[in-house]
Amino acid sequence: MRCQYQGCYRQAKYLMGWKGPEGTVWGVVCATHDRNLGRRNLAEAYNLPRAEMVAMDLRLDSEAKAERRI
């Protein structure tokens, strides 16, 4: 299956929601759009500036990888 984000044709693996012109759009997206849309969702949910949002995302990613090693 291909990424369902506007104009992307990469391999899709992740279900993600994002804001569209008529409300929330749900689709299967590639890893790049999963990361980008996830960061945007974090920023909106917690009202964070970009630098803090990226730092939070990287911490969450590191914690998830550590849990998988256990």
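This is a short talk on the fold, the first helix and one aromatic pair of the structure shown above.

What we have here is a predicted model, so please hear every value that follows as computed from that prediction. The protein contains two helices and two strands, and along the sequence these run in the pattern β-β-α-α. Taken along the principal axes, the C-alpha atoms fill a box of roughly 35 × 30 × 15 Å. Of the 70 residues, 29% are buried, and the accessible surface comes to about 5,400 Å², with 52% of that area belonging to carbon and sulfur atoms. If we take the contacts with a separation of 6 or more, 22% of them join residues that are 24 or more positions apart. As for charge, there are 12 positive and 8 negative charges, and their mean positions are 7 Å apart.

Let me turn to helix α1, which covers residues 31-46 and therefore has 16 residues; from its first C-alpha to its last it reaches 22 Å, close to the 22 Å expected at 1.5 Å a residue. Which residues of α1 are buried? They are H33, L37, G38, R39, L42 and A43, and these buried residues pack against both strands, β1 (14-20) and β2 (23-29), as well as against α2 (50-69). It may help to recall that an α-helix has 3.6 residues a turn, so residues three or four places apart point the same way. Just after α1, N47 takes a positive phi of about 50°.

Within this helix I would like to pause on H33, which counts as buried because its relative accessible area is 14%, under the 20% cut-off. Leaving aside neighbours within four places in sequence, H33 is in contact with C3, Y5, C8 and G38.

One of those contacts, Y5, brings me to the aromatic rings, where the count comes to one pair. The rings of Y5 and W18 have their centres 5.3 Å apart and their planes at 65°, so the pair is edge-to-face, given that an angle over 60 degrees is what that class requires. Y5 lies in the segment before β1, whereas W18 sits in strand β1 itself, so the pair ties together parts that are 13 residues apart in sequence. Are these two residues buried or exposed? Y5 is buried, with a relative accessible area of 15%, and W18 also counts as buried, at 6% relative accessibility.

To close, then, Y5 is a contact of H33 in helix α1 and also the ring partner of W18 in strand β1.

Terms used. Residues numbered from 1 in each chain as written. Predicted model: local features only at pLDDT ≥ 70, side-chain atom pairs only at ≥ 80, totals over all residues. Heavy atoms only, no water. Helix = DSSP H or I, 4+ residues; strand = E, 2+ residues; numbered from the N terminus. Expected span 1.5 Å × (residues − 1). Buried < 20%, exposed > 50% of the residue type's maximum accessible area, 1.4 Å probe, protein only. Contact = heavy atoms within 4.5 Å. Areas by Shrake-Rupley, 256 points an atom, 1.4 Å probe, with all protein chains shown as cover. Lys, Arg positive; Asp, Glu negative; His and termini not counted. Charge placed at Lys NZ, Arg CZ, Asp CG, Glu CD. Phe/Tyr/Trp six-rings, centres within 6.5 Å; stacked < 30°, edge-to-face > 60°.
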